[in-house]
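Subject: Structure handover and findings

Dear colleague,

I am passing on to you the structure we spoke of, together with its sequence. Please open it first and keep it in view while you read the notes below.

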Amino acid sequence: MKTRLLATAAMMLAAHSQAATDPYLWLEDIQGKQALEWVHQQNAITVKETQGWKTFPSLKRDILSVLDSSARIPGIEKIGERYYNFWRDSQHPRGIWRSTTLDEYRKADPAWETVLDLDALAKQEKENWVWQGADCVKPQQDRCLIRLSRGGGDAAVVREFDLPAKRFVADGFVVPEAKSEVNWRDRDTLYVATDFGKGSLTDSGYPRIVKQWQRGQPLDKAAILLEGKPSDISVGAYRVHSAGRHYDVLSQGTTFFSNDILLQRDGKWQKLDKPGHVEASFHADWLLLKPRQDWTVGGHDWKAGSLLAIKLDDYLQGKRDFTALFQPTASTSLADSADTRDAVILTLLDDVKSRLVEWTVQDGKWRSRAVAAPGYGSIEVRPVDSDNSDDYFFTFADFLTPTTLSLAHAGSDARESLKQQPAFFDASPYRIQQFFARSDDGTRVPYFVVARKNIKLNGKNPTLLYGYGGFEVSMTPYYSGTLGKAWLERGGVYVLGNIRGGGEYGPAWHEAALKHKRQKAYDDFSSIAKDLARRGIANARHLAIKGGSNGGLLMGVMLTKYPQLFHAIVCQVPLLDMKRYNKLLAGASWMDEYGNPDLPEDWAYIKRYSPYQNIRPGTHYPATLFATSTLDDRVHPGHARKMYAAMKAIGANVHYYERTEGGHGSAANHEEEARIAAMEYAFLWHQLR
């Protein structure tokens, strides 16, 4: 008891000390009157300045023309016998959910049938609805759960929709606004993990309790299936459908990168015997396991990032004689896997370039074949109907090749081209190159450069370097009409870094920059900047950088620790105050990535890079634009607010914009998205020219 009292007293003292030493703590009051008045004032200053630059009108026009283009590829999902798409354009700023047949979709101008008009719904219900997706019950697929966010945050209302009737079910399932996980068990039963009231959330702000909810039953009377601990990240339940089979799963996320799983077998929940770091999935009657750490089991040493297959029943009986579907090498990693009815298709990265391998079971044994595919870009594979078909959607793109969508079939290299995105800019003057920088510890760090073929290597090319470096997220080549129109066509060079902390080389690449090793990611990024100067692509005067979320933290570190390497920075929805990040919104869920700043041994290394704590008066900082969102309920806008205020107070060249709609990922509509992107590019051009 005495120990707990001392700990509580220490926490109270620390909180008091923080308030005393942080003059901008009041900006953490997201919807506070004083804070919002301050936001509006800063926004007005930035809007007046950036939109007054001569480049802004044409940038916005070009970007909006890309976003609203009717020639964009409408991504589709098969539900029942029809194919569904959510579409936004100038006539439908909030968007419409619509459907067509595959034969119609093959046409240049398909006939679409509107299922739900979000603009009309928002007007009718006087709500600022933003679409977050639909999930339809299998096998009937006549009822769907539609997620609608007020303004674009992660929290959403979940409502049952009658698909044939194209209307919400009057007395159907409704889960109030929350950061929920809601999934179908069957047509009359849901698995619901949501905010059930006081004490029902984890320290990270996600559901701690999951229930099984029967149709017609009050939600508060639903049976509790699992209660996690406050220190968990979240809990959830779902039904997996694969090749005509289904599995009911309970998941308890003990950390951001680990979980415990229970399977329902013969009406009882049985814990799956696996380490927390091992991810589990299912294909037909097979269990697929992917360890995030090296794993010794069954007398064999498996590397982190391997993919292992075994019959589920055999595994539950204690057998561990796995078939390895993938084992990483120094240059290859498993980027993704997709299941058709009879095949598992793996997307591999080989020095950050995609290739495909297909696995099928023949006479009880796994057999593989390489799938012929373009090698210098990014590939995405999505099954059309994993229960009933071996068809899959094949998507390919690189920086200069517009996205193509094809229909493919497991067992064949043939693909039927369904759609090709138009070229939004002339790619002929440009080329893509991959280089490797040498980081401080000697590690080779890859990065892509998109530049004109006749580039002059004099160090004076306006160059934008993008990075992320966290959570095992890989940065791979992609096609962006916005980037082409707003940056490349105007004479810019684009660079994409593949620094440690990401997943480009599997879990080991991520692990190399985890917690106390975080500095490795920053060494890598700064090394790319130095390599660009060494190669004559861009010196510091002509180099800008951009990143968001964890990449926003990366920008903050570059700003405060390496200001001499850059001339302009766009810092989007960032984490910046790493002393308090775990107390703000979902921050506690990321302590597995960064560490716990409340522990002295963790704060000892975090404080060395935390941007907010490393602002130094008298330092010449590069011009910086901080961009965030009031409704971002994942990364607290207080990070950007406080950092900007503190830097402005010492006379740094800083700018600030906070959108009032849209969550962590993007704006709520194309008009606002184009305006913000134009502001960012106008800012960059203003600084680098």
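What follows goes from the whole chain to its domains, and then to a few individual places.

Please bear in mind throughout that this is a predicted model, and that the values below are computed from it.

The chain as a whole

The chain contains 14 helices and 39 strands, and its C-alpha atoms fill a box of roughly 70 × 70 × 60 Å when this is taken along the principal axes. For 689 residues, a compact globule would be expected to have a radius of gyration near 26 Å, and the 25 Å of this chain agrees with that. Of the 689 residues, 60% count as buried, and the accessible surface comes to about 28300 Å², of which carbon and sulfur atoms account for 49%. If one takes the contacts between residues at least 6 apart in sequence, 56% of them join residues that are at least 24 apart. As for charge, the chain carries 87 positive and 83 negative charges, and the mean positions of these two sets are 5 Å apart.

Two domains

The chain is divided into domain 1, which covers residues 339-419, and domain 2, which covers residues 436-688. Their C-alpha centres lie 32 Å apart, and where the domains meet, 13 residues of domain 1 are in contact with 15 residues of domain 2.

Helix H7

Helix H7 spans residues 481-488, and because 8 of its 8 residues are buried, it is largely enclosed by the rest of the structure. The buried residues are Gly481, Thr482, Leu483, Gly484, Lys485, Ala486, Trp487 and Leu488, so that a lysine is found in this list beside residues such as leucine and tryptophan. Which elements cover the buried residues of H7? The cover includes two helices, H3 (56-67) and H14 (670-688), together with the strands E32 (430-438), E33 (444-452), E34 (463-466) and E35 (493-497).

Thr347 in strand E25

Thr347 is placed in strand E25, which runs over residues 343-350, and with a relative accessibility of 5% it counts as buried, because the limit for that is under 20%. Leaving aside its neighbours within four places in sequence, Thr347 is in contact with Ser333, Leu334, Ala335 and Asp336, with Ser354, Arg355 and Leu356, and also with Ile379 and Val381. The C-alpha atom of Thr347 is separated by 8.9 Å from that of Glu358, a residue 11 places away along the chain.

Backbone details in two loops

The loop between strand E5 (129-136) and strand E6 (143-150) holds Pro139, and the peptide bond that leads from Lys138 to Pro139 is cis, with omega near 5°. Gln141 has its place in the loop between E5 and E6 as well, and its phi is near 55°, a positive value in a residue other than glycine.

Asp363 likewise has a phi near 55°, which is positive although the residue is not glycine, and its place is in the loop between strand E26 (353-362) and strand E27 (365-371). Are these two residues buried or exposed? Gln141 is buried, with a relative accessible area of 17%, whereas Asp363 is exposed, with a relative accessible area of 81%.

With best regards

Key
Residues are numbered from 1 along each chain as its sequence is written. This is a predicted model: local features need pLDDT of at least 70, side-chain atom pairs count only at pLDDT 80 or more; totals for chains, interfaces and linings use all residues. Side-chain values use heavy atoms; hydrogens and water are left out. Helices (H or I, at least four residues) and strands (E, at least two) are DSSP runs, numbered from the N terminus. Buried means under 20% relative accessible area, exposed over 50%, partly exposed in between (1.4 Å probe, protein chains only). Contact means heavy atoms within 4.5 Å. The radius of gyration is taken over C-alpha atoms; the globule rule is 2.2 Å times the number of residues to the power 0.38. Accessible areas come from the Shrake-Rupley method with a 1.4 Å probe; for residues, only the protein chains shown count as cover. Lys and Arg count as positive and Asp and Glu as negative; His and the chain ends are not counted. The place of a charge is taken as NZ of Lys, CZ of Arg, CG of Asp or CD of Glu. Domain bounds come from an automatic or database domain assignment.
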